[in-house]
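Student: I'd like to practise reading a model with a ligand in it. Could you walk me through it feature by feature?

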Amino acid sequence: MAGDKTTAAPDGVAQETDEMLAAFQARIDADERIEPDEWMPAQYRKTLIRQISQHAHSEIVGMLPEGNWVTRAPTLQAKAILLAKIQDEGGHGLYLYAAAETLGISRAEMIDQLLSGAAKYSTIFNYPTLNWADIGAIGWLVDGAAIMNQVPLCRCSYGPYARAMIRICKEESFHQRQGYEIMVKMAQGTPEQKRMAQDALNRFWWPALMMFGPSDKDSKHSAQSMKWGIKRVSNDELRQKFIDVTVPQAEYLGLSIPDDQLEWDEESGHYRHGPIDWDEFRRVVSGDGICNRERMEARRNAHENGAWVREAALAYAEKRRQRAAQAAE
Ligand code: FAQ
């Protein structure tokens with residue numbers, strides 16, 4: 001269009017005119033879903049690949065802290081539930097890798113980015129699981145925070161991500177309930193069990209709050225992601241909602257939230273909380289948390305040990321392709 005300003009798309013993909021960007025924004029504002037074969041700004045695609053792949057990596061790395069307790073679950077039933085939950089997380093990772101692949105990145109590239117340290121995964125999974133109540137705390141707090149963050153993603157403007165999130169959220173709700181049930185058992189058990197439950201809450205509370213990402217003033221992607229309908233609610237708003245629903249749950253358990261500045265604010269109708277240690281968040285994001293190295297080593301080993309499975313699957317696919325070609329001759 002004459003006089004229309006063009007914007008160089010990142011990575012030299014294509015030219016994007018103001019008119020194209022405005023038409024795209026109008027679709028977002030009309031609450032339409034964007035599908036893989038439709039035009040989208042390169043930066044929208046790039047943002048989605050970053051967020052969805054980080055999310056997928058988090059689900060896969062997130063299997064490790066819980067996997068640590070499979071052989072030590074206190075009963076056969078507890079073990080069966082834990083195994084089912086961990087398998088669900090693996091399934092979430094696969095749906096999410098598949099959703100990201102619709103944007104033109106391969107699964108192998110995403111895995112390379114994780115293993116090279118170029119891609120992030122949630123900070124929460126760099127904390128150790130030291131006692132059985134940690135498995136309860138992960139379901140209650142980590143899955144609880146995940147649901148709070150992910151329910152709005154069911155309305156994400158990108159169709160494949162939004163649809164994957166619907167099923168994921170249903171499963172995360174079950175995970176949250178099973179975690180809270182463990183916490184109830186531990187908190188209402190012997191004094192030693194209650195002490196373990198309090199210890200788990202003490203260690204997982206602040207890392208769970210960090211799952212929502214930096215505060216709104218420091219979040220570099222939020223404004224654009226919200227404009228594009230990728231994120232629907234800001235990091236701080238979601239964190240506040242999580243605190244507001246979780247504090248009464250801790251009270252029911254008879255456990256104390258490890259924040260001496262936490263107080264109910266009648267006027268705003270919200271809990272006010274103490275400062276979050278953003279230095280710790282930045283350390284863990286940049287690879288220096290308690291378990292970062294262990295987690296990456298576990299993923300690298302799993303990838304190397306699984307090489308023969310990938311090779312066998314590819315060889316099988318090639319064989320089928322050759323047979324089909326012969327049959328067609
Ligand atoms: N950890 O500008 P923002 C789960 C990064 S799944 C690590 O605010 P954005 C299930 C961020 O990527 C848990 N990195 O970014 C489960 C960005 O990176 P960049 C995962 C973080 O994207 C339960 C930079 O900081 N959930 O728990 C974190 O707009 C139990 C600047 O931040 C999802 O991924 C963090 N906590 O907002 C599994 C949900 N926070 O650009 C097993 C989808 C921020 O420097 C057991 N993701 N960063 O490379 C999202 O909603 C968003 O990506 C946010 C961050 C909210 C995480």
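Student: Which helix gives the most to the shell around the ligand?

Tutor: Start by asking which elements the shell residues belong to. In this predicted model, H2 gives the most, with six residues. Helix H2 (42-61) shares the job: helix H4 (76-101), helix H6 (133-150) and H7 each supply at least two residues of the shell as well.

Student: How many residues of each class does the shell around the ligand have?

Tutor: Sort the residues by side-chain class and count. Here the shell has 11 nonpolar, 13 polar and 10 charged residues.

Student: And which residues come nearest to the ligand?

Tutor: Go by distance this time. Of the 34 residues around the ligand, the nearest are Gln54, Ser219, Lys220, His221 and Lys231. Then check for polar pairs, with 3.5 Å as the cut-off between N or O atoms. The side chain of Gln54 has an N or O atom 2.5 Å from a ligand oxygen. For Ser219, a side-chain N or O atom sits 2.7 Å from an oxygen atom of the ligand. Lys220 places a polar side-chain atom 2.8 Å from a ligand oxygen.

Student: How much of the ligand does the protein bury?

Tutor: Compare the ligand alone with the ligand in place. Alone, the ligand exposes 1,100 Å², and the protein buries 93% of that.

Student: Let's move to the core. Which residues touch the most other members of the largest nonpolar core?

Tutor: Look for the members that act as hubs in the contact list. The largest nonpolar core has 85 residues, and Tyr44 and Tyr158 touch the most other members. Helix H7 (residues 159-187) brings the largest share of this core, 11 residues. Leaving out residues up to four places away in sequence, Tyr158 touches Tyr44 itself, along with others including Ile34, Met40, Leu48, Ile52 and Leu103. The list for Tyr158 also has Glu35 and Thr102 in it.

Student: What about backbone angles? What is phi of Asp31 near?

Tutor: The general idea first: most residues other than glycine have a negative phi. Asp31 has a positive phi, near 65°, and isn't a glycine. You'll find Asp31 in the loop between helix H1 (18-29) and H2.

Student: Is Asp31 buried or exposed, and why?

Tutor: Partly exposed, because its relative accessible area is 44% and that class runs between 20% and 50%.

Student: Why does Pro152 count as buried?

Tutor: Don't assume a loop residue is exposed; check the area. Pro152 is in the loop between H6 and H7, and Pro152 counts as buried because its relative accessible area is 10%. Beyond its neighbours within four places in sequence, Pro152 is in contact with Ile147, Arg232, Val233 and Leu238. The C-alpha atoms of Pro152 and Lys231 are 7.2 Å apart, with their places 79 residues apart along the chain. Lys231, remember, is one of the residues that come nearest to the ligand.

Student: Where does Ser215 lie?

Tutor: Place it between elements first, then look at contacts. Ser215 is in the loop between helix H8 (191-210) and helix H9 (222-227). Ser215 is buried, at 13% relative accessible area. Setting aside neighbours within four places in sequence, Ser215 is in contact with Asp236, Arg239 and Trp278.

Student: Last one: which helix holds Glu297?

Tutor: Glu297 lies in helix H12 (residues 292-305). Glu297 counts as partly exposed because its relative accessibility is 48%. The C-alpha atoms of Glu297 and Leu115 are separated by 8.8 Å, though these residues are 182 apart along the chain.

Methods:
Residues are numbered from 1 along each chain as its sequence is written. This is a predicted model: local features need pLDDT of at least 70, side-chain atom pairs count only at pLDDT 80 or more; totals for chains, interfaces and linings use all residues. Side-chain values use heavy atoms; hydrogens and water are left out. A nonpolar core is a set of buried Ala, Val, Leu, Ile, Met, Phe, Trp, Tyr and Cys residues joined through side-chain atoms within 4.5 Å. Buried means under 20% relative accessible area, exposed over 50%, partly exposed in between (1.4 Å probe, protein chains only). Helices (H or I, at least four residues) and strands (E, at least two) are DSSP runs, numbered from the N terminus. Contact means heavy atoms within 4.5 Å. A residue is near a molecule or strand if one of its heavy atoms lies within 4 Å of it. A polar contact is a pair of N or O atoms within 3.5 Å; within protein, one must be able to donate a hydrogen and the other to accept it, and residues adjacent in sequence count only if both atoms are side-chain atoms. Accessible areas come from the Shrake-Rupley method with a 1.4 Å probe; for residues, only the protein chains shown count as cover. Ala, Val, Leu, Ile, Met, Phe, Trp, Tyr, Cys and Pro count as nonpolar, Asp, Glu, Lys and Arg as charged, and the others, Gly among them, as polar.
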